[in-house]
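Reader: Hi! I'm just starting out with protein structures, and I'd like a close look at one part of this one. Could you walk me through it slowly?

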Amino acid sequence: VSIRFSVIDNGSGFVPGKRPGPDSGPFGLAGVEARIKRLHGKMDLRSAPGKGTRVAITILISEPQEK
């Protein structure tokens, strides 16, 4: 069993490979990603300049139970 949610905006967007890291100021998405990894989850980030941003997060809640 897992939970999945996404956040989409129509903002200015950015190049995901050039986003600031934890050594360059506020943690932002890097902090979110670190927390998701601690929960054994996955984060899918899609953005492009002028195209907005979409972040989809999936976190495993429990293993499926056999019937």
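Reader: Let's zoom in on the helix and the hairpin beside it in the chain. Which residues of α1 are buried, and what covers them?

Author: Sure, let's start with the whole chain and then zoom in. Keep in mind that this is a predicted model. The protein chain has an average pLDDT of 86, and 82% of its residues score at least 70. Among its elements, helix α1, which spans residues 28-38, has the lowest mean pLDDT at 88, while strand β3, residues 53-60, has the highest at 95.

The chain contains one helix and three strands, and if you read along the sequence you meet them in the order β-α-β-β. Of its 67 residues, 19% count as buried. Contacts also reach across the sequence: among those between residues at least 6 apart, 65% join residues at least 24 apart.

Now for your helix. The buried residues of α1 are A30, G31 and I36, and β2 and β3 are part of what covers them. V32 also sits in α1, but V32 isn't buried: because its relative accessible area is 35%, V32 counts as partly exposed. Leaving aside residues up to four places away in sequence, V32 touches M43 and I57. Take the second of those: V32 and I57 are 25 residues apart in sequence, yet their C-alpha atoms are 9.9 Å apart in space.

Just after α1 comes H40, which takes a positive phi of about 60°. Then have a look at strand β2, residues 42-47, where the side chains alternate. M43, L45 and S47 point to one face and are buried, while K42, D44 and R46 point to the other face and are not buried. So which residue does M43 stand opposite in β3? That's I57, and these are the two residues you just met as contacts of V32.

Strands β2 and β3 pair in the antiparallel sense, over six bridges. Their hairpin has five residues between the strands, and in this hairpin G50 takes a positive phi near 80°.

To pull your part together: V32 of the helix touches M43 and I57, M43 stands opposite I57 in β3, and β2 and β3 help cover A30, G31 and I36, the buried residues of α1.

Notes: Residues are numbered from 1 along each chain as its sequence is written. Side-chain values use heavy atoms; hydrogens and water are left out. pLDDT is the predictor's confidence in each residue, from 0 to 100. Helices (H or I, at least four residues) and strands (E, at least two) are DSSP runs, numbered from the N terminus. Buried means under 20% relative accessible area, exposed over 50%, partly exposed in between (1.4 Å probe, protein chains only). Two strands pair if DSSP finds at least two bridges between them. Contact means heavy atoms within 4.5 Å.
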